[in-house]
Amino acid sequence: RLESIIMNIPVRFSAGLVPLAGNTRMAVTLPEDATVADLLQHLRAEHPVMESRLDNVIPMIAGRHVASSEHLATGQEVSLLLPVAGGST
């Protein structure tokens, strides 16, 4: 293989992540065989301030929750949502 094929993945952040990400959206470049776990690892490495919050995100693609093992496709938007806590103890 001469060089890895790369893909661009648009990422949308939930309100709880926006202050850490600095924006509501970001484009991430990953190798063609990347998974959601690879995306999260990339974000941890490039934006360490987000690291602790990324451990709890719920990744979604096309309105459905996806596992970290889900393979990504170029241009496929991934939304990262933080779970909402509520109720009383």
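**Briefing: a mixed sheet, a helix and a core**

Ile61 has Val78 in strand 5 as its bridge partner. The model is predicted. Its 5 strands form an open sheet with mixed pairing. Helix 2 lies across four of them: strand 1, strand 2, strand 3 and strand 5.

**The sheet**
- The strand order is 2-1-5-3-4.
- Strand 2 (25–31) and strand 4 (64–65) are the edge strands, and each pairs on one side only.
- Strand 3 (residues 58–61) and strand 5 (residues 78–81) run antiparallel, joined by 4 bridges.
- In general, strands of a sheet pair through backbone hydrogen bonds, either parallel or antiparallel.

**The helix**
- Helix 2 covers residues 36–46.
- Helix 2 runs at about 115 degrees to strand 2.

**The core**
- The largest nonpolar core has 23 residues.
- Phe13, Leu39, Leu43, Leu72 and Leu80 touch the most other members.
- At least two residues of this core come from each of strand 1, strand 2, helix 2 and strand 5.
- Leu43 is in contact with Phe13, Met26, Val28, Pro48, Leu54 and Leu80, leaving aside neighbours within four places in sequence.
- In soluble globular proteins, nonpolar side chains tend to be buried together.

**The loop before helix 2**
- Thr35 sits in the loop between strand 2 and helix 2.
- Thr35 has a relative accessible area of 12%. Buried means under 20%, so Thr35 counts as buried.
- Not counting residues up to four places away in sequence, Thr35 touches Ser68, Ser69, Glu70, His71 and Leu72.
- One of these, Leu72, is also among the core residues that touch the most other members.

Technical notes
Residues numbered from 1 in each chain as written. Predicted model: local features only at pLDDT ≥ 70, side-chain atom pairs only at ≥ 80, totals over all residues. Heavy atoms only, no water. Pairing = 2+ DSSP bridges. Contact = heavy atoms within 4.5 Å. Axes fitted to C-alpha atoms, helices over the stretch in contact; angles between N-to-C directions. Buried < 20%, exposed > 50% of the residue type's maximum accessible area, 1.4 Å probe, protein only. Core = buried A, V, L, I, M, F, W, Y, C linked by side-chain atoms within 4.5 Å.
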